[in-house]
Amino acid sequence: MMTTEATTDEAVADEAVAESPQVETVRYSNHVEVAEPLLTIEDLSVEFRTRTGVVKALENIHLNVYPEETVGLVGESGSGKSVLSYTIMNLLESSATITQGQIRYGQENLLSAGKPRDNRPHPAFSMIFQNPRTALNPIRPVGKQLMDVLREQGERHQLKKRAIDLLKQVRLPESRFQAYPFQLSGGMCQRVLIALALARSPRLLVADEPTTGLDVVTQETIMELLQGNTQNRMATILITHDLGLAARYCQRIVVMHAGHVVESAPTETLFRAARHPYTRKLIAATPGIITHLGQLSAIPGQLPDLRRKLPPCRYRHRCENYEAVCDTAPLVQTNLTPQHTLACWNPL
Ligand SMILES: Nc1ncnc2c1ncn2[C@@H]1O[C@H](COP(=O)(O)OP(=O)(O)OP(=O)(O)O)[C@@H](O)[C@H]1O
Ligand code: SF4
Ligand SMILES: [Mg+2]
């Protein structure tokens with residue numbers, strides 16, 4: 001059943017689009033409509049075996065990423081953003097099982113249920129991990145770490161010069177070549193991680209919370225660096241809690257809740273015409289998107305325990321739009337338009 005009456009959340013979202021300078025500066029382009037996907041994820045489900053039960057961390061995920069685009073992956077803590085990124089990077093731990101689905105790079109089948117995993121990311125993929133300090137080797141100078149990656153890439157000549165060039169590319173001076181991670185600020189460590197990722201000349205960069213814990217100015221610098229490095233028609237998956245950040249830097253946004261993709265759309269569409277109740281709540285709960293602090297609203301309830309038997313819609317217990325129809329069948333990601341997908345039986 002569809003409703004035509006505007007809800008409070010819808011009004012908030014409309015007002016946000018009308019008044020937020022962030023949303024007005026969204027860089028949205030249509031090239032993604034015509035290109036072949038760089039990355040295709042089809043019907044992907046991932047579980048973890050734990051001593052207290054099986055965690056159904058991802059279920060029936062569909063997602064395409066196109067060359068050159070930046071896709072935002074947003075959702076609360078525990079929604080499955082990192083598990084999805086580790087799955088894409090082939091870095092899932094041994095307690096994880098891909099129970100169904102597949103991931104392709106172009107036409108190349110990377111991962112599918114039952115296929116042995118070797119924990120080696122595809123050479124065309126790079127990842128920036130959630131915590132920059134723990135992702136770096138603490139007892140090796142950062143310049144040497146860059147040289148190591150370049151050597152792995154088969155480069156033999158002028159390794160030190162290339163490493164220094166990469167440091168400069170992320171606006172770190174040559175003098176930092178010999179620095180250990182503990183001698184650098186969080187923002188500088190993050191820049192080193194970006195340099196390490198770019199050293200691989202990736203076609204796909206997965207950036208997991210690349211600016212969390214950084215001040216606003218450093219956050220802007222990091223994002224500008226990521227945006228400025230679209231060599232090789234590189235695409236980026238930007239994982240973030242921050243819908244405002246995604247609005248500024250992403251052409252498309254994918255919303256996850258409790259291991260499901262609940263909605264995905266071009267950024268402007270998502271803010272103007274989100275149909276999933278959770279997306280609307282997420283927009284209403286995002287500082288910077290709304291204009292008055294009084295409009296901020298928390299998302300009621302908590303994520304369900306993913307070890308328990310779950311209803312078809314994992315947002316059911318938190319949803320003001322719940323109706324009996326929501327319990328009748330497994331959710332499917334349907335296309336409202338070629339670029340706007342929704343998984344909900346009773347959308348707004
Ligand atoms: N190794 C693991 N074993 C068991 N469960 C796991 C494991 N890794 C992740 N999970 C579970 O999978 C779900 C998704 O976790 P994930 O880390 O992907 O969330 P997230 O969206 O990245 O959260 P955050 O925003 O806090 O980083 C959570 O319920 C988490 O507890
Ligand atoms: S399927 Fe039903 S319970 Fe789930 S989000 Fe949609 S309206 Fe709410
Ligand atoms: Mg995470």
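This report covers confidence, one helix, the main nonpolar core and the surroundings of a ligand in a predicted model.

Local features need pLDDT of at least 70, side-chain atom pairs count only at pLDDT 80 or more, and totals for chains, interfaces and linings use all residues. Residues are numbered from 1 along each chain as its sequence is written, and chains are lettered from A and ligands numbered from 1 in the order in which they are written.

The chain has a mean pLDDT (the predictor's confidence in each residue, from 0 to 100) of 84, with 85% of residues at 70 or more. The extremes among its elements (DSSP runs; helices are H or I of at least four residues, strands are E of at least two) are tabulated.

| Element | Residues | Mean pLDDT |
|---|---|---|
| Helix H2, lowest | 21-24 | 33 |
| Strand E10, highest | 260-266 | 97 |

Over residues 1-33, pLDDT stays under 50. Where pLDDT is low, the predicted coordinates should not be read in detail.

In helix H4 (residues 81-88), 7 of 8 residues are buried (20 or more other C-beta atoms within 10 Å of their own, with C-beta atoms placed from the backbone). Asn90, just after H4, has a positive phi of about 60 degrees.

The largest nonpolar core (buried Ala, Val, Leu, Ile, Met, Phe, Trp, Tyr and Cys residues joined through C-beta atoms within 7 Å) holds 88 residues, and Leu146 and Ala195 are among those touching the most other members. Helix H8 (residues 186-199) gives the most to this core, 10 residues.

Ligand 2 is surrounded by residues including Cys313, Arg316, Cys319, Cys326 and Cys344.

Technical notes:
Near = placed C-beta within 6 Å. Contact = placed C-beta atoms within 7 Å. Buried ≥ 20, exposed ≤ 12 C-beta atoms within 10 Å, placed from the backbone.
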